[in-house]
Amino acid sequence: MSTIAPPRKPQIKTELPGPIGRKIVEEDAQWVNPSYPRPSFKLVAERGEGVWVTDVDGNVFLDCNAGVAVCSTGHCHPEVVKAIQDQAARLIHMCGTDFYYRHMPQLAQKLDEIVPVESPTRTHFANSGTEAVETALKLAMHATGREKFIAFFNSFHGRTLGSLSLTSSKIAQRTGFKRQVLDVVHVPYPNVFRHPFTGEQSDAATVSRACLDWIENRLFKTTTPPEEVAGIVVECVQGEGGYVPAPREFLQGLRRICDEHGILLIVDEVQSGMGRTGKMFASEHYDLKPDIITIAKGIGSGLPIGVTVARADLMDWKPGAHASTFGGNPVAIAAALKTIELLERELVANSAEVGAYLQEGLKKLLGKHDCIGDVRGLGMMIGVEFVTDKASMKADADLRDRVETACFERGLILLGCGFNTIRWSPPLILKREHVDVALEIFDDAITASCS
Ligand SMILES: Cc1ncc(COP(=O)(O)O)c(C=O)c1O
């Protein structure tokens with residue numbers, strides 16, 4: 001007789017959204033900013049516990065998105081909740097821009113220990129990913145006295161005006177905003193599955209060489225003198241652009257280019273950081289040492305915190321040059337410190353182990369379904385790309401959307417990214433038994449959506 005308890009399954013009892021959910025969606029449509037890029041399905045969340053989310057009508061979903069890669073420790077991890085509650089009862093805010101409290105140096109010291117940036121480092125505290133990126137941009141301009149940046153097509157770095165100058169994953173992000181505030185030139189990203197110049201499948205060495213060559217032999221010799229470039233901003237695994245990991249030789253090549261020309265390498269780990277890829281930072285998969293790293297999303301288990309960690313010699317600007325009222329809020333830092341403790345204790349290892357199990361299962365589905373073109377990723381950051389058929393490998397965005405909705409109707413929360421990819425970014429507490437349930441639903445949703 002098996003001693004393993006049967007896995008819990010999602011429970012869908014009403015149409016989606018149910019009557020209470022529908023009312024909230026209607027109110028939202030009347031009162032809330034309509035520019036949020038919400039998918040066609042509508043989840044109206046009420047409670048979260050671990051990998052499970054219950055909506056306002058009592059439907060229970062298995063969450064393999066984690067609030068867009070944020071709830072790294074799962075929903076309402078009891079130790080994180082306690083850390084937040086204890087801190088909220090002692091000191092909620094004091095303003096680290098003008099006063100001192102122990103939390104800021106405590107987290108900064110911990111980050112110095114774990115980030116791939118060469119120690120000693122210094123940390124700036126903000127409240128979101130885009131602010132962490134803004135800080136990196138300002139710092140790079142300040143430290144180098146230069147003002148040009150290089151970023152990659154299909155990258156996402158945020159929507160405030162500085163980081164929007166870098167962002168290029170969807171045209172809707174740029175439409176209506178006319179001239180960008182920063183001098184950024186975009187270059188091709190080394191997507192092995194779709195070579196940026198040919199659209200064909202390629203290999204790591206070929207795409208890496210082509211993309212590095214574009215920077216060194218085209219850009220630097222025509223429009224962009226390297227001595228005017230402050231920083232190259234890159235995601236080791238493109239997130240919103242389609243969960244595309246860069247090849248090792250490409251990232252090592254960027255490091256070399258930066259070293260040769262005094263350019264700062266800014267690695268945006270807002271989505272790929274904090275254990276998501278099976279190591280604390282994606283940079284570690286590549287032995288990459290950024291000069292500046294940006295972190296947000298998973299660091300606070302859902303509380304708003306974004307940090308920019310830089311080589312200490314770079315962060316030597318004067319008081320007043322950069323600061324934020326709420327940045328480094330003690331409650332958010334308490335959540336971050338507890339999150340890091342849990343990640344180091346077991347969740348980074350779990351992300352690697354269960355992430356590999358998930359990827360193995362998804363690769364079996366790649367073999368089974370003609371409409372899956374590619375499965376790729378690291379740890380619990382996995383992309384599944386949908387195509388019309390394997391013979392043509394033509395990207396199929398409509399099918400991706402249908403699969404996403406079919407998963408939701410069956411109680412599995414997944415979100416798209418890129419043009420035709422579904423991203424798997426579950427809470428890092430996901431277990432094998434959850435993976436089995438999720439894969440069964442995914443398989444069924446694909447079968448239903450393809451026919
Ligand atoms: C790599 C990356 N950088 C920056 C951001 C912006 O973060 P936020 O939405 O917290 O401003 C995101 C958000 O998805 C991201 O994935």
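I'll start at one pair of residues: Gly383 stands opposite Arg423, which is in β17. Keep in mind throughout that this is a predicted model.

That pair belongs to a longer contact between two strands. Strand β14, residues 381–386, and strand β17, residues 421–424, pair in the antiparallel sense over four bridges. Val384 also has a bridge partner in β17, namely Ile422.

Which way do the side chains of β17 point? Thr421 and Arg423 point one way, Ile422 and Trp424 point the other way, and all are buried. As a general matter, side chains in a regular strand alternate between the two faces of the sheet. For the burial call, the cut-off is 20 or more other C-beta atoms within 10 Å.

On to the other neighbour of β17. Three bridges join β16 to β17, and the two run antiparallel. Cys417 has Thr421 of β17 as its bridge partner. These strands make a hairpin with three residues between them, and in that hairpin Gly418 takes a positive phi near 65°.

Now the whole sheet. It is open, with four strands in the order β13-β14-β17-β16, and its pairing is antiparallel. Which strands stand at the edges? They are β13, residues 372–378, and β16, residues 415–417; each has a single partner strand, so one side of each is left without a neighbour in the sheet. From one strand to the next, the twist averages 30°.

There is another open sheet to look at. Here four strands come in the order β1-β2-β3-β15, and the pairing is mixed. The edges are β1, at 45–49, and β15, at 412–413; with a single partner strand each, they have one side left without a neighbour in the sheet. A parallel pairing is found between β3, residues 60–63, and β15, over two bridges. Within that pairing, Leu62 stands opposite Leu412 of β15.

Next, a helix pair. Helix α7, residues 204–222, packs with helix α8, residues 248–261, at an angle of about 25°, and their axes are 9 Å apart. How are the two oriented? Angles under 35 degrees count as roughly parallel, and α7 and α8 are therefore roughly parallel to each other. Their crossing is right-handed.

The ligand is next. There are 14 residues around it, and those that come nearest are Ser128, Gly129, Thr130, Val270 and Gln271. Which helix gives the most to this shell? Helix α5, residues 129–144, does, with three residues. By type, the shell divides into four nonpolar, seven polar and three charged residues.

Now some backbone points you may want to check on the screen. Generally, most residues other than glycine have a negative phi, and most peptide bonds are trans. There are cis bonds to show here. One joins Leu16 and Pro17, with omega about -15°. Pro17 is in the segment before α1, which covers 19–31. Another cis peptide bond joins Ser119 and Pro120, and there omega is about 5°. Pro120 sits in the loop between α4, at 103–114, and β4, at 121–126.

As for positive phi outside glycine, Cys95 has a value near 80°. Cys95 is in the loop between α3, at 78–90, and α4. Is Cys95 buried, exposed or partly exposed? It counts as partly exposed, because it has 14 C-beta neighbours inside 10 Å. Asp287 also has a positive phi, near 50°. Its place is the loop between β10, residues 264–268, and β11, residues 292–295. Asp287 is exposed, because 11 other C-beta atoms lie within 10 Å, and the cut-off for exposed is 12 or fewer.

One last residue: Arg174. It is found in the loop between α6, at 161–164, and β6, at 183–187. Why does Arg174 count as partly exposed? Because it has 15 C-beta neighbours inside 10 Å. Arg174 and Thr223 are 49 residues apart in sequence, and their C-alpha atoms are 22 Å apart in space.

To return to the start: the Gly383 and Arg423 pair lies in the pairing of β14 with β17, which has four bridges. That is the end of the talk.

Definitions and conventions. Residues numbered from 1 in each chain as written. Predicted model: local features only at pLDDT ≥ 70, side-chain atom pairs only at ≥ 80, totals over all residues. Pairing = 2+ DSSP bridges. Near = placed C-beta within 6 Å. Nonpolar A, V, L, I, M, F, W, Y, C, P; charged D, E, K, R; others polar. Axes fitted to C-alpha atoms, helices over the stretch in contact; angles between N-to-C directions. Parallel < 35°, antiparallel > 145°, perpendicular 65-115°, else oblique. Left-handed = near helix turned anticlockwise from the far one by under 90°.
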